[in-house]
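The exercises below ask you to read backbone angles, burial and helix geometry from a model. Work through each task before you turn to its solution.

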Amino acid sequence: MKEQRKKIITAEIEYWRRSNLLPSQYCDFLLNLYTEGEAAGKHARDEASAGNEALPAFSVPRFEIKWLGVALLMVVLLYLAFHFTDFTLTMQMTLIGFLTLLFYIMGFMKEKSSLSSHLFLGLASMLLALGGVYALGLYKYLHSTIVLYLGAACIIWYLTGILADKRYLSFCALLGVQGVYGWFAYHKSYDQFTWWQMEAFWIPIAMILIVLGLLWKRRQEKTSAILLFSGIIALFGAELESFFIPAADKDMLLYLLYLKIFIASFLLLSLKNFWWGWFSVQQPLR
C-alpha cells in the first residue's frame, strides 16, 4: 500500500511538471522528498539521454562568411610562406611589418577570451621576433645587435600581455629578457669562469623578481604570480649557463642544482596559497 501511494504521488508531481503548474526545481525537491532521490536522479538521466539522442551524428555545416575569410587568409599566408624568398628584400621587410601590425590590430579587436584573439596576438608576436631576426641577419648585423632586438621584442610582448590580458605572453617575455641577459652573462664569464661571479649575475635578479612578485599581489595577482615564477626560474640561471661552459665543475653544478631545487620547492610550498589562485580560484590549497 505504501509503495502504491508513492507511485501515485510521483505521477502527480510529474504531471505538475509537464503542465508547468510548479517550477521544475520545486518538482525535483518534492521527488527527492518522496522517493529519497531516486526519481529525480532518473529524471535527470532521462533528460541527459534525450539531449544526447537529439544531437545528430552527422550534419551538413552551414555556410558562414567568417569561415570563408579564415580559409582565404590561410591560403594567402601559405602562398606567401612558400614564395617569400622570391620577393625582393624591401618587399619582404614590408610584408613582415604589415602582417605583424595587422595581426596585432586584429588580436586587440577581438574579444579577449576568444580563440582568434589568442591566435592573432601569438602570430604577431612570433612575426615580430622571428621576422626581425631574419631581417637583421640578412643585413649582417652583429649577434649582440640581434640579441638586443630580441630584448626589445620581449618588452613589446610583455606590454601586449598586460594590455590584452594574455599573461602567458608576459611570462614568455620575462623568460626572453632573462635569455638576453643570460647571453651577455655567458659571454662575459666564458673565458674567466668562476662560480661566485656566475651566481652574482643571477641570484640578485631572482631575488628582485620574487620580491616584486610578493609586493605586487595586492595590485595585480596574475602579474605578481608571473614575477614570482620568473624569479624562481632565474634562480637556476647560473646552473643552466654553467652547463655549457667547459671550465665549470660538473660535480659542483650537480650540488648547486640539488640545493636550489630544495630552495625552489620550499618557496613554492610555503607560498602555495599565494600562487595557486592563479590556476584555480575555486580550489584553494591549505
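**Exercise 1.** In this predicted model, how many of the 14 residues of α10 are buried, and is the helix largely enclosed or not by the rest of the structure?

*Solution.* Begin with the cut-off, by which a residue is buried when its relative accessible area is under 20%. By this rule 11 of the 14 residues of α10 are buried, so the helix is largely enclosed by the rest of the structure. Among the buried residues are Ile-226, Leu-227, Leu-228 and Phe-229, as well as Gly-231 and Ala-234. As a last step, look for what covers these buried residues: the covering elements include α7, α8, α9, α11, α12 and α13.

**Exercise 2.** Compare the end-to-end distance of α10 with the span that should follow from 1.5 Å a residue.

*Solution.* Helix α10 runs over residues 221-234. The expected span is 1.5 Å times one less than the number of residues, and for the 14 residues of α10 this should come to 20 Å. The end C-alpha atoms are 20 Å apart, which agrees with the expected value.

**Exercise 3.** Locate Lys-140 and Asp-165, then describe their phi angles and their accessibility.

*Solution.* Lys-140 sits in the loop that lies between α6 and α7, whereas Asp-165 belongs to the loop between α7 and α8. Most residues other than glycine have a negative phi. Lys-140, however, has a positive phi near 60°, and Asp-165, which is not a glycine either, has a positive phi of about 60°. Finally, Lys-140 counts as exposed because its relative accessibility is 72%, while Asp-165, at 37%, counts as partly exposed.

Definitions and conventions
Residues are numbered from 1 along each chain as its sequence is written. This is a predicted model: local features need pLDDT of at least 70, side-chain atom pairs count only at pLDDT 80 or more; totals for chains, interfaces and linings use all residues. Side-chain values use heavy atoms; hydrogens and water are left out. Helices (H or I, at least four residues) and strands (E, at least two) are DSSP runs, numbered from the N terminus. Buried means under 20% relative accessible area, exposed over 50%, partly exposed in between (1.4 Å probe, protein chains only). Contact means heavy atoms within 4.5 Å.
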